[in-house]
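Reader: I have a chain to study and do not know how to read its features. Please take me through it.

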Amino acid sequence: MADQSNIQSSASKSIRPFKSSEEYLYAMKEDLAEWLNTLYDLDVTADTFMEGLGTGCALCRHANNVNRAALDFQLEYPEAAQTLRLPSKDVVFQSRNVVQGSFLARDNVSNFIGWCRQELWIKDVLMFETNDLVERCNEKNFVLCLLEVARRGAKFGMLAPMLIQLEEEIEEEIRDQENLREPGEQAEPSPPSRCFSRKESVGVEEDVNVDEPDPSPYTHWQQKRVLCDMRNLDELESSVFFRCHNNPASS
């Protein structure tokens, strides 16, 4: 099972005050890199973020991972699932001998983008285009899209990046304050979320038929329940900045 401590170790970096939007973008890349490394045993850093994901393979793997988490959530909590839009169509992608910038890489990235639009219904303002990743020219929208994908997956119990976990904590604090103002009303309990990791067997992916989505199961993560509602990046950034200003993290 992958170790969530890799994500937690970057917490102080991800929530420190920033002098510019470029520094904040870099911190988000650090956070997302730690998250993807934990899930899929990658070796991506903030400096190699676009290059490390340029083949689209990890993105498509994660899309199929989200689909399976959504299906398990639906089976375990059918009533709660009725209130959510659940992705279901797997992404078919090439995983062998994919070179960055090649047609196969572009096709993988394009398939992931199509899944984000059609299965997650992510808004255009948060989306990126194939060339943005392949040619490494629009980091901001790529990062925004991955954060939104992570946020949607967290609703089904998947491991979330530190920024999304902080977002959840802020949401819970807001709800607690609202409950204090309305003591006569009791919030409806939400089902505990479930989290899934990459498959544990080593070397399996190389033998997978590249024309079909990977059907292998995923191991449960130990993670607190996820209750957060959708928040845009500006709200998250303001909340995290406010939190850092009032509760600076110790280095």
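**Reading the chain**

Author: Start at one spot: D41, just after helix 3, takes a positive phi of about 55 degrees. This is a predicted model, in which local features need pLDDT of at least 70, side-chain atom pairs count only at pLDDT 80 or more, and totals for chains, interfaces and linings use all residues. Residues are numbered from 1 along each chain as its sequence is written, and side-chain values use heavy atoms, with hydrogens and water left out.

Reader: How many helices and strands are there in the chain?

Author: Helices (H or I, at least four residues) and strands (E, at least two) are DSSP runs, numbered from the N terminus. Here the chain has 11 helices and 2 strands. Along the sequence the pattern reads α-α-α-α-α-α-α-α-α-α-β-β-α.

Reader: Why is helix 3 called largely enclosed?

Author: A residue is buried under 20% relative accessible area, exposed over 50%, and partly exposed in between (1.4 Å probe, protein chains only). In helix 3, 15 of the 20 residues are buried, so the rest of the structure largely encloses this helix. For the chain, buried residues make up 49% of the 251 residues.

Reader: Which residues have the most contacts inside the largest nonpolar core?

Author: A nonpolar core is a set of buried Ala, Val, Leu, Ile, Met, Phe, Trp, Tyr and Cys residues joined through side-chain atoms within 4.5 Å. The largest one has 56 residues, and F49, L53, F112, W115, F142 and L146 have the most contacts inside it. Among the elements that give two or more residues to this core are helix 3 (21-40), helix 5 (57-76) and helix 7 (103-118).

Reader: What do the buried residues of helix 7 pack against?

Author: Contact means heavy atoms within 4.5 Å. The buried residues of helix 7, including F112 and W115, pack against helix 5, helix 8 and helix 9. Leaving aside neighbours within four places in sequence, W115 is in contact with A63, V66, N67, P87, K89, V91, L120 and V149.

Reader: Is H62 buried or exposed?

Author: H62 lies in helix 5 and, at 5% relative accessibility, counts as buried. Setting aside neighbours within four places in sequence, its contacts are W35, L39, Y40, V149 and M158. H62 and V149 are 87 residues apart along the chain, yet their C-alpha atoms are separated by 9.2 Å. Over the chain, 72% of the contacts with a separation of 6 or more are between residues 24 or more positions apart.
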